[in-house]
Amino acid sequence: MFNSRRVSSMISSPPLSSSSSLSSPQPLPPTFLDAETLSKADPSEIAKVISSVLFANVKAKQIVQAAAQVKSQFRGVVPESQHSLKMITGIGPKLAEVLHHVNCREHYKK
């Protein structure tokens with residue numbers, strides 16, 4: 001399942017403005033926070049929410065593509081391994097390492 005931390009990680013980039021209030025993307029509505037819904041979302045709607053980050057339109061399309069890949073290749077569950085994470089559109093080595101630590105289910109079993 002997607003959550004706002006993972007989406008926020010995907011859209012992190014230098015802000016368009018030096019004002020911190022303008023550079024923080026608005027949280028996605030709870031209805032957007034699963035792979036099924038995100039994979040069918042209109043990228044322009046996501047771009048509106050993340051408009052304060054550079055290349056918001058490109059990143060919005062990548063988020064929709066990534067959600068579709070998570071849904072089709074991983075049955076809607078974000079993978080834990082860095083190798084599998086790097087197979088998802090928009091996730092490179094650095095983000096895969098961050099997501100690996102954030103998404104590692106063994107940390108939540110305690």
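This section describes the fold, the nonpolar cores and one helix of a predicted model.

The protein is helical throughout its assigned elements, with seven helices and zero strands. From the N terminus, the order of elements reads α-α-α-α-α-α-α. Of the 110 residues in the protein, 38% are buried. The accessible surface amounts to about 6600 Å². Carbon and sulfur atoms contribute 57% of that surface. Among contacts with a separation of 6 or more, 55% link residues 24 or more positions apart.

Confidence varies along the chain. The average pLDDT is 78, and 65% of the residues score at least 70. Residues 15–22 fall below a pLDDT of 50. Beyond near neighbours in sequence, this stretch makes nine contacts in the model. Where pLDDT is low, the predicted coordinates should not be read in detail.

The largest nonpolar core holds twelve residues. Its members are Leu38, Ala41, Ile46, Ala47, Val49, Ile50, Val53, Ala56, Ala60, Ile63, Val64 and Ala67. Helix H4 and helix H5 (56–74) each supply at least two residues of this core. H5 gives the largest share, five residues. Another core, of eleven residues, lies apart from this one. Val78, Ile88, Ala96 and Leu99 are among the residues of that other core. In soluble globular proteins, nonpolar side chains tend to be buried together.

Val49 serves as an example from the largest core. This residue lies in helix H4, which spans residues 43–49. The relative accessibility of Val49 is 18%. The cut-off for burial is under 20%, and Val49 therefore counts as buried. Ala60 belongs to the same core as Val49. Val49 and Ala60 are eleven residues apart in sequence. Their C-alpha atoms are 9.2 Å apart in space.

Helix H7 covers residues 93–103. Its buried residues are Leu95, Ala96, Leu99, Val102 and Asn103. These residues lie on the same side of H7, because they cover an arc of only 130° around the axis. An α-helix has 3.6 residues a turn, so residues three or four places apart point the same way. Pro93 and Lys94 are exposed on the other side of H7. Two of the buried residues of H7, Ala96 and Leu99, are also members of the eleven-residue core.

Note on methods: Residues numbered from 1 in each chain as written. Predicted model: local features only at pLDDT ≥ 70, side-chain atom pairs only at ≥ 80, totals over all residues. Heavy atoms only, no water. Helix = DSSP H or I, 4+ residues; strand = E, 2+ residues; numbered from the N terminus. Buried < 20%, exposed > 50% of the residue type's maximum accessible area, 1.4 Å probe, protein only. Core = buried A, V, L, I, M, F, W, Y, C linked by side-chain atoms within 4.5 Å. Contact = heavy atoms within 4.5 Å. Areas by Shrake-Rupley, 256 points an atom, 1.4 Å probe, with all protein chains shown as cover. pLDDT = per-residue confidence, 0-100. Arc of directions from axis to C-beta.
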